[in-house]
Amino acid sequence: MGAELQARTEPGRRLILLAEQLAADLATRAADHDRDGSYPHEAVAALRDGGYLAAPIPQALGGMGVESVHDLIVAASRLARGDASVAIGASMHLIPLVNTAHRWRAATLAGDARRAAAYGGTLERVAREGAVMAAAVSEPNQDLTRPRTRADRTDDGWVVSGHKVFCTMSPAATELYAAVTFDDGEGERYGYVRIPASAAGVRMNGDWDALGMRASGSQSVSFDDVHLPAAALRGGFPAGRLTDEFMEANLVAGGLHAASSLGISEAALAVAVGGMAPKVAEHGPAPRALVLVAEAEVELSAVRASVARAGDLIDAHLLRPEDDVAEVFADVQAAKAFVNEAAVRIVDRALALSGGAGYMTAHPLSRAYRDVRAGAFMHPLGANRAYEFIGEVALGLAPTLS
């Protein structure tokens, strides 16, 4: 793999090295978990014990101190080379941590001890206690700006009821990071609550059986009158319309989900080229094979550039939050849309280069062919909504999320 992406920072370099080591181990069991549709609990334990799941948490709070989103994205792409099902779950766990770590740093710099302590408590629970978070955001026929899952106020806290789908990594989760709609007395707001996976009323439905990402554990989860303390939910932002706060909360997600597509396509092309080596050494390359390899390499180069730019844009925005978040969000979603689609084409070419070998279920190209197609509908914007949003921003229209 020629000009693969590299870290921008020293903590990022350490994380990428860790991701490569973990990926090599994950790859030894990925085919078995894919075939059986079984959940790789041992993989999540390795990520937790190795510190990967605490990567963006400041070192002072027990984490690896990786502040660069670019470097987190590169590490996620490396992990996806070993098992993309594990990588997407790890990325969904990291997304809220990146946002929380950013707010902790801002509160610390501002001297706001109360807010810093609140954010720091969340981060330390992951870094020092091994908490694992699974995103519970997606819903059937989803209104992206108004979750159907509701949190209603009680005398001593909140009660949450609703149904979520695509709760990736939920079999290993200690907490579910759930998007809810609630009323703060002045109107409906969109907020996030952390729900203990063991709480009464939380039901894991065990219904994940999909074409690809079969080891991701992306089952549906139901919340049946789950009671939470008053401190579990505060703040939020207006529900029912697109806001800067929604885009800020979901900015990192686009880059990290694009990373999985990059890693899948890199690994697939490497497998295909490696499989061709004996035949090329003996007979030379076939003309059609040369074209397929060249086309795949051209697109892979563009995919890497798009992923790197998305990471750099996010990092720059975190340093300059006054910039127009809609434009940055559109740029990151454009990168995600391009990367997802180009990665499918790269994997398709790799499969063609393999002849009939890659068509067998146990072959890594068979898994790549199925896994890479999941990128098109990954949060926050699936392809259809992404193109609508990007077009509106490009035309200077007020963007919406229909």
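Salt bridges are a good place to start: this predicted model holds 33 of them. Let us look at three pairs, then at a network, and finally at two helices that pack together.

**Three salt-bridge pairs**

| Pair | Distance, N to O | Relative accessible area |
|---|---|---|
| Arginine 29 and aspartate 25 | 2.8 Å | arginine 29: 24%; aspartate 25: 33% |
| Arginine 35 and aspartate 32 | 3.2 Å | arginine 35: 51%; aspartate 32: 37% |
| Arginine 150 and aspartate 152 | 3.5 Å | arginine 150: 26%; aspartate 152: 36% |

Begin with arginine 29 and aspartate 25, whose side chains meet in a salt bridge. How many residues apart are arginine 29 and aspartate 25 in helix H1? They are four residues apart, so about one helical turn separates them. Helix H1 itself covers residues 10-36. Arginine 29 counts as partly exposed, and aspartate 25 is partly exposed too.

Helix H1 also carries the pair of arginine 35 and aspartate 32. Here the spacing is three residues, which again means a separation of about one helical turn. Is arginine 35 buried or exposed? Arginine 35 is exposed, because its relative accessibility of 51% lies over the 50% cut-off. Its partner, aspartate 32, is partly exposed at 37%.

The third pair joins aspartate 152 to arginine 150, with 3.5 Å between the closest N and O atoms. Aspartate 152 is partly exposed, and so is arginine 150.

**A network of charges**

Salt bridges can also link up beyond a single pair. Which residues are linked in a network of salt bridges? They are Glu4, Glu20, Arg78, Arg81, Glu266 and Arg304. Keep Arg81 and Glu266 in mind, as both return in the next part.

**Where H3 meets H6**

Helix H3 spans residues 69-82, and helix H6 spans residues 244-283. The two pack at an angle of about 35°, and their axes are 7 Å apart. H3 passes H6 in a right-handed crossing.

Which residues of H3 meet H6? From H3 come Val69, Leu72, Ile73, Ala76, Ser77, Ala80 and Arg81. On the H6 side, the residues they meet include Val252, Leu256, Ala259, Leu262, Ile264 and Glu266. Gly255, Ser260, Gly263 and Ala267 of H6 take part as well. The residues of this contact divide into eleven nonpolar, four polar and two charged.

Arg81 of H3 and Glu266 of H6 belong to this helix contact, and both are also members of the salt-bridge network.

How values were computed. Residues are numbered from 1 along each chain as its sequence is written. This is a predicted model: local features need pLDDT of at least 70, side-chain atom pairs count only at pLDDT 80 or more; totals for chains, interfaces and linings use all residues. Side-chain values use heavy atoms; hydrogens and water are left out. Axes are lines fitted to C-alpha atoms, for helices over the stretch in contact, and angles run from 0 to 180 degrees between N-to-C directions. A crossing is left-handed if the near helix is turned anticlockwise from the far one by less than a right angle, and right-handed if clockwise. Contact means heavy atoms within 4.5 Å. Ala, Val, Leu, Ile, Met, Phe, Trp, Tyr, Cys and Pro count as nonpolar, Asp, Glu, Lys and Arg as charged, and the others, Gly among them, as polar. A salt bridge is a side-chain nitrogen of Lys or Arg within 4 Å of a carboxyl oxygen of Asp or Glu. Buried means under 20% relative accessible area, exposed over 50%, partly exposed in between (1.4 Å probe, protein chains only).
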